[in-house]
Amino acid sequence: MDFDNVQDIHSDKDSENIKRLAVDVKGGSYDIHIGAGLLHTPEDYIPYKLEGRTVFVLSDRNVSGLYGDMVTASIEAQGATVYQLLVDGGEKSKSFSDFERLSNEMLAKKVTRDSVLIALGGGVVGDLGGFLASTIVRGISYIQMPTTLLAHVDSSVGGKTAINTQYGKNLVGTFYQPDSVIIDVDVLSTLPPREYMAGVAEVLKYGLIVDLEFFEYLETHASDIAKQDPYICEQMIYQSCAAKAAIVSMDEKETSGQRILLNLGHTFGHALELIAGYNGDVLHGEAVAVGMLMALDVSCKLGNVSEGDVARVRELYANIGLPQTLDDLGLAFSDVETMVARIYELMLGDKKATRHGIKFVILSKIGQAVVNADLEEEFIKDTLRYFIQQ
Ligand SMILES: NC(=O)c1ccc[n+]([C@@H]2O[C@H](COP(=O)([O-])OP(=O)(O)OC[C@H]3O[C@@H](n4cnc5c(N)ncnc54)[C@H](O)[C@@H]3O)[C@@H](O)[C@H]2O)c1
């Protein structure tokens with residue numbers, strides 16, 4: 001993996017350059033564009049002409065109110081016919097019912113194979129839009145225009161699309177690569193602080209799983225991260241996208257052991273999200289933040305990382321302001337054993353589980369992750385107990 005950019009991270013502070021990263025996969029190679037103001041002229045970053053095509057711009061109602069008209073006007077000016085598709089903000093929109101309604105809306109507007117879908121929004125819109133694009137008339141082109149930090153650094157890159165089910169998160173979906181990812185860093189100025197922090201958790205993940213130097217960079221800049229300094233944000237986005245692009249380019253469909261590492265903390269996190277009920281009380285990134293600490297606890301009990309390492313990661317969490325406990329997530333459980341059993345049961349339903357059990361992503365050290373599929377049930381339950389009683 002090429003993470004040499006970490007050393008350059010300070011060097012281009014004054015440059016106005018738009019950064020570009022390539023994702024090189026069999027399912028379709030594409031560029032990630034990162035810079036300020038990109039949504040004013042999105043057509044500059046779309047690798048084909050839109051003239052004469054039908055373009056569907058999918059957004060949630062919050063994002064549409066902020067950026068929908070701007071993007072729609074630019075695309076219309078290219079000679080395309082544009083239809084806006086809307087969902088409510090939040091995780092609940094990644095549903096079968098929204099998928100069905102939107103499919104019907106597109107069919108009513110005579111979607112054809114050369115139509116284009118633009119997913120303008122956070123990870124919810126990105127995942128749902130990608131799934132729609134991959135299935136409607138057996139697949140149309142789509143563009144990611146992510147508007148949350150989490151979507152900038154994670155969900156818009158790599159082509160995983162999904163909706164949620166009553167059995168768990170992201171259990172119905174496809175691998176379907178976008179044609180371009182257009183990251184306008186200016187949109188972070190309207191993002192609610194909690195949503196920003198949820199994205200920071202996914203940024204930190206890259207430092208933990210593949211890049212000690214990046215982890216150290218985040219430690220050095222913790223107070224700027226907490227203040228949402230625009231320059232530091234852009235560096236975090238670039239470095240995270242570089243890491244994700246490298247991983248996805250090696251392992252597009254999570255078959256050769258690298259991409260699964262991106263799931264650090266997610267098996268725990270998805271179970272916590274399911275328990276919280278997808279109603280906005282616990283955000284995906286918040287659940288992942290605590291889930292990563294659970295994975296770190298497991299790594300420590302195995303002797304992979306020291307208690308000093310755990311304290312170091314927790315200190316970074318504290319300096320940035322990330323949630324560390326179930327209490328921080330607003331989850332309180334009185335009956336410990338029932339809850340341990342319930343969370344474990346939900347984890348067994350996660351996509352990372354196989355007939356042999358759950359594949360856990362843990363750390364072999366800070367900056368390096370591995371998969372362990374041999375962890376005893378009681379071993380994991382002890383970690384759950386520890387966090388529930390904390
Ligand atoms: N496909 C992947 O590889 C991948 C990776 C990580 C996460 N995900 C998925 O991403 C989803 C979470 O995404 P998210 O955290 O972006 O949540 P989200 O899409 O729900 O957005 C969070 C909230 O912020 C609002 N918002 C978005 N952009 C805004 C802006 N610029 N200004 C003001 N408000 C704005 C939205 O309306 C929403 O209410 C989860 O469903 C998760 O499973 C997918």
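## A tour of the ligand shell and the enclosed cavities

Select the ligand together with its surrounding shell, which by class comprises 8 nonpolar, 10 polar and 9 charged residues (Ala, Val, Leu, Ile, Met, Phe, Trp, Tyr, Cys and Pro count as nonpolar, Asp, Glu, Lys and Arg as charged, and the others, Gly among them, as polar). The model is predicted, with local features needing pLDDT of at least 70 and side-chain atom pairs counting only at pLDDT 80 or more, while totals for chains, interfaces and linings use all residues. Residues are numbered from 1 along each chain as its sequence is written, and side-chain values use heavy atoms, with hydrogens and water left out.

**The ligand**

Of the 27 residues around the ligand, those that come nearest are Asp 60, Asn 62, Lys 94, Thr 148 and Thr 190, a residue being near when one of its heavy atoms lies within 4 Å of the molecule. Next, show the polar contacts (pairs of N or O atoms within 3.5 Å; within protein, one must be able to donate a hydrogen and the other to accept it, and residues adjacent in sequence count only if both atoms are side-chain atoms). At Gly 123, a backbone N or O atom lies 2.8 Å from an oxygen atom of the ligand, whereas at Asp 127 an N or O atom of the side chain is 2.9 Å from a ligand nitrogen atom. Turn then to Lys 244, where a polar side-chain atom lies 3.4 Å from an oxygen atom of the ligand. On its own the ligand has 860 Å² of accessible area, of which the protein covers 91% (Shrake-Rupley method with a 1.4 Å probe; for residues, only the protein chains shown count as cover).

Colouring by secondary structure (DSSP runs numbered from the N terminus, helices being H or I of at least four residues and strands E of at least two), pick out helix 1 (61-76), which gives the most to the shell, with 4 residues. Colouring by domain instead, the shell draws at least three residues from each of domain 1 (4-190) and domain 2 (193-389), with bounds that come from an automatic or database domain assignment.

**The largest cavity**

Now leave the ligand for the 3 cavities of 30 Å³ or more (on a 1 Å grid over the protein atoms alone, sets of points where a 1.4 Å probe fits but cannot get out, with lining residues having an atom within 4 Å of a point). The largest has a volume of about 70 Å³, counted as the space filled by probe spheres set on the points, which are joined across faces, edges and corners. Select its lining, including Tyr 167, Lys 169, His 270 and Met 347; helix 9 (266-276) supplies the largest share, 4 residues. Both domain 1 (4-190) and domain 2 (193-389) give residues to this lining, so the cavity lies between them.

**The second largest cavity**

Finally, select Asn 263, Phe 268, Ala 295 and Lys 359, which are among the residues that line the second largest cavity, a space of about 50 Å³. Helix 9 again gives the most to the lining, with 3 residues.

How values were computed: On a 1 Å grid over the protein atoms alone, a cavity is a set of points where a 1.4 Å probe fits but cannot get out, and a pocket is an open set with protein on both sides within 12 Å along at least five of seven lines; lining residues have an atom within 4 Å of a point.
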